[in-house]
Amino acid sequence: MPDFHPDLLKSMSAQDADAVLALGRPLTLSSGAVLFQLGADADHLYVIDRGRVNLTLPMQVFGREEDILVEERVAGQTLGWSALIPPHRFTLKATAQIDTELLAFRRAALLDHFTAHPRVGYAIVGNVAATVGQRLQVFQAMWLREMKRVLELSRGTGSAV
Amino acid sequence: MIMFLMALSLGMFGLAVTTMAFGAATRNERKPVAPLQPRLDLAPERFFAEGHPSFHRQPNVPLEVLLLQIERHVRLEQAAAESFISLPSPEVLNCRTQSPLIH
């Protein structure tokens, strides 16, 4: 994968990046296939090589439980960071939106590699933290926007969501 | 004669006292007037925003269409939030989207 620069491997030398990529196992999902379920044990970290994955949460919509889109992940992006962060349980459900190819990294293999190469571990954990932090910031902003609408609704001045 | 007048006076006095006592006992009691309660103009109940027209499912909108609208709303809101993170300002944070669930 000469042109593959996933966000997980940012700020790493090509040699270190190749060594990490070598730990990954290719995985192909057809459209609609579930990669992981909400609450499942998170023992793999994933990087999308091609395709798109929907991250969803269940929500009751008019009496039916539906998977509601929370976030989309596309080629080059990381998902399943719960594999590196306790308590190692997925907090979303991941489903391939289209035919998708990924690299799956087993947590134990990654941690062994980090132990042998702490500099690589430091870089990867920093990149994962950036992904987590970005999601936190996005959801802070989304939450604030929804709060504003709730306030508008309570005063009867706003439009509903 | 004096004794007769004295007895008559005492009798009249006793009759007057008895009449007053009887009148006081049989007089209708005036009920105390209750203090006026302030009138509370309660707003119509909107528990969990029930009753707001936008929260009711339109009868001719299928669930699948609604789910697509929710999905579009999430995408637009996420894009708005990401814009705010790229360029933080109150205007960007509060900008409106074209979400079908808002309008």
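## A histidine in helix α2

Let us start with His113(A), which sits in helix α2 of chain A, a helix covering residues 107–116. The model we are looking at is predicted. Is His113(A) buried or exposed? Its relative accessibility is 12%, so His113(A) counts as buried.

Which residues does His113(A) touch, once those up to four places away in sequence are set aside? The contacts are Ala19(A), Val20(A), Leu23(A) and Val120(A). Two of the helices that feature in the next section are worth keeping in view here: helix α1 spans residues 14–21 and helix α3 spans residues 118–154, both in chain A.

## Salt bridges that link distant parts of chain A

Side chains of opposite charge can pair when their charged atoms come close. Counting over all chains, the structure has 15 salt bridges. One of them joins Arg119(A) to Asp16(A), with 2.9 Å between the closest N and O atoms. Arg119(A) belongs to helix α3 and Asp16(A) to helix α1, so this pair ties together parts of the chain that are 103 residues apart in sequence. The two partners have their own surroundings: Arg119(A) is exposed at 62% relative accessibility, whereas Asp16(A) is buried at 13%.

Another salt bridge brings together Glu71(A) and Arg135(A), at 2.6 Å from N to O. Here a strand meets a helix in the pairing: Glu71(A) is in strand β5 (residues 64–74) and Arg135(A) is in helix α3, and this link between distant parts of the chain spans 64 residues. Are these two residues buried or exposed? Both Glu71(A) and Arg135(A) are buried.

## A pair within helix α3

Helix α3 also holds a salt bridge of its own, between Glu152(A) and Lys148(A). The N to O distance for this pair is 3.3 Å. Why are Glu152(A) and Lys148(A) about one helical turn apart? The two residues are four positions from each other in helix α3 of chain A, which means that about one turn of the helix separates them.

Glu152(A) has a relative accessibility of 11% and so counts as buried. Lys148(A), by contrast, is partly exposed, with a relative accessible area of 27%.

## A network with residues from both chains

Which residues of chains A and B are linked in a network of salt bridges? From chain A come Arg52(A) and Glu72(A), and from chain B come Glu71(B) and Arg75(B).

## Backbone details in the loops

The loop between β6 (78–79) and β7 (93–96) of chain A rewards a look at the backbone. Pro87(A) lies in this loop, and a cis peptide bond joins Pro86(A) to Pro87(A), with omega at about 10°. His88(A) is in the loop between β6 and β7 too. What is the phi of His88(A)? Phi is near 60° for His88(A), a positive value in a residue that is not glycine. With a relative accessible area of 22%, His88(A) is partly exposed.

Phe62(A) also has a positive phi, of about 50°, although Phe62(A) is not a glycine. Where is Phe62(A) found? Its place is the loop between β4 (52–61) and β5 of chain A. Phe62(A) is partly exposed, at 43% relative accessibility.

How values were computed: Residues numbered from 1 in each chain as written. Chains lettered and ligands numbered in written order. Predicted model: local features only at pLDDT ≥ 70, side-chain atom pairs only at ≥ 80, totals over all residues. Heavy atoms only, no water. Salt bridge = Lys/Arg side-chain N within 4 Å of Asp/Glu carboxyl O. Buried < 20%, exposed > 50% of the residue type's maximum accessible area, 1.4 Å probe, protein only. Contact = heavy atoms within 4.5 Å.
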